[in-house]
Amino acid sequence: MDSGVRFTLKFWGVRGSIPTPQVENLRYGGNTTCLEICAPGHQPMVIDAGSGARLLGSALIAEPLITMLFTHFHWDHIQGLPFFAPMFRKESAVTLASSQPPQDLRDVFNAMLRAPFHPIDFDSFSAVTELLQVAEPWHHAGFEIRPFALHHPQGATGYRFERDGAVLVHASDHEHGDALADRTLQDHARKADVLVYDAQYTPQEYEGQKGRGHSTWLAAIKLAAMADVKRLVLFHHDPSHSDDVLDGILAEAQQEFPQTILAREGDVLEF
Ligand SMILES: [Zn+2]
Ligand SMILES: [Zn+2]
């Protein structure tokens with residue numbers, strides 16, 4: 001029977017910058033960024049391969065087809081890739097995709113996965129069958145996917161996923177304040193069912209961190225209100241933010257935009 005669910009979103013890693021497996025962070029989770037988005041009857045898509053990709057790989061071990069979509073190639077978004085078990089399974093076919101040309105993707109992973117940094121080189125990842133540059137729009141795995149540029153050192157790509165009128169916008173990593181990038185993001189996020197947004201800093205912390213490529217919960221709620229977003233997910237939590245700090249951020253954000261939640265490892269949203 002049709003459950004009416006158009007897609008699910010699961011958080012496998014919600015932390016920015018570096019894994020933080022200390023006890024005071026474990027309620028929200030210490031793994032770096034990794035999400036799974038899946039339309040019923042279609043192959044799962046993975047957004048970024050931070051350290052959360054290790055557990056996700058175990059969950060997807062029997063999947064014959066998997067697509068992994070990258071926002072950019074900073075360590076916190078790729079460090080789990082060598083531990084994503086389906087990569088080494090001959091029954092699996094994994095497509096790696098980004099907004100960059102396929103050769104750029106190959107160059108990144110060749111540079112990362114070689115001596116003296118890693119014992120197994122990229123060519124040994126036998127399940128990788130395709131490297132792909134995301135076109136605009138891209139129809140894949142049951143979605144229409146639109147990439148767009150975020151404001152981040154060395155660049156990052158946001159993605160808008162739409163299926164049967166339900167919309168998810170993923171915007172990490174992004175620093176607010178660039179007029180063109182903010183406008184583009186706002187246009188893509190308009191009336192989205194859910195916006196996942198880089199809220200690494202508090203507004204006070206941000207004053208000392210300008211130019212590092214990340215945003216705040218305050219910029220998140222302003223954007224969500226302007227774009228008329230139905231649900232805002234604060235994401236890419238700072239390594240120094242314990243669960244208690246994050247609870248405080250959530251309470252402040254919800255006062256101004258009640259439909260705000262915090263990304264938490266293991267949580268599943270249905271649309
Ligand atoms: Zn990041
Ligand atoms: Zn980054």
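Two strands count as paired when DSSP finds at least two bridges between them. Keep that in mind as you move through this predicted model.

**The whole chain**

Start with everything shown. The chain holds 6 helices and 14 strands, and its C-alpha atoms fill a box of roughly 50 × 45 × 35 Å along the principal axes. A compact globule of 271 residues would have a radius of gyration near 18 Å, and the chain agrees, with 18 Å. Of the 271 residues, 48% are buried. Among contacts with a separation of 6 or more, 65% link residues 24 or more positions apart.

**The open sheet**

Now colour the strands. An open sheet is built from 7 strands in the order 6-5-4-3-2-1-14, with mixed pairing. At its edges, pairing on one side only, are strand 6 (128–133) and strand 14 (268–270). Step across the sheet and you will find a twist that averages 20 degrees from one strand to the next.

Next, select residues 45–47 and 65–69. These are strand 3 and strand 4, which run parallel and are joined by 3 bridges. For one of these partnerships, click on valine 46: its bridge partner in strand 4 is methionine 68. Strands of a sheet pair through backbone hydrogen bonds, either parallel or antiparallel.

**Helix 2 and leucine 105**

Select residues 102–112 to bring up helix 2, which lies across strand 5 (93–98) and strand 6. Helix 2 runs at about 125 degrees to strand 6.

Within helix 2, pick leucine 105. Is leucine 105 buried or exposed? A residue needs 20 or more other C-beta atoms within 10 Å to count as buried; leucine 105 has 21, so it is buried. Leaving aside residues up to four places away in sequence, leucine 105 touches Leu96, Ser98, Gln100 and Leu131. Try a distance label too: phenylalanine 70 is 35 residues from leucine 105 in sequence, yet their C-alpha atoms are 9.5 Å apart.

**Helix 6, two faces**

Finish with residues 243–256, helix 6. At 1.5 Å a residue, its 14 residues should span 20 Å, and the end C-alpha atoms are indeed 20 Å apart. Select Leu246, Ile249 and Ala253, the buried residues of helix 6. Turn the view to look down the axis of helix 6: these buried residues fall within an arc of 60 degrees, so they line one face. Covering them are elements including helix 5 (217–226), strand 12 (232–235) and strand 13 (260–262). On the face turned away from that buried side, look for the exposed residues Asp244, Ala251 and Gln255.

Notes: Residues numbered from 1 in each chain as written. Chains lettered and ligands numbered in written order. Predicted model: local features only at pLDDT ≥ 70, side-chain atom pairs only at ≥ 80, totals over all residues. Helix = DSSP H or I, 4+ residues; strand = E, 2+ residues; numbered from the N terminus. Axes fitted to C-alpha atoms, helices over the stretch in contact; angles between N-to-C directions. Contact = placed C-beta atoms within 7 Å. Buried ≥ 20, exposed ≤ 12 C-beta atoms within 10 Å, placed from the backbone. Expected span 1.5 Å × (residues − 1). Arc of directions from axis to C-beta. Rg over C-alpha atoms; globule rule 2.2 N^0.38 Å.
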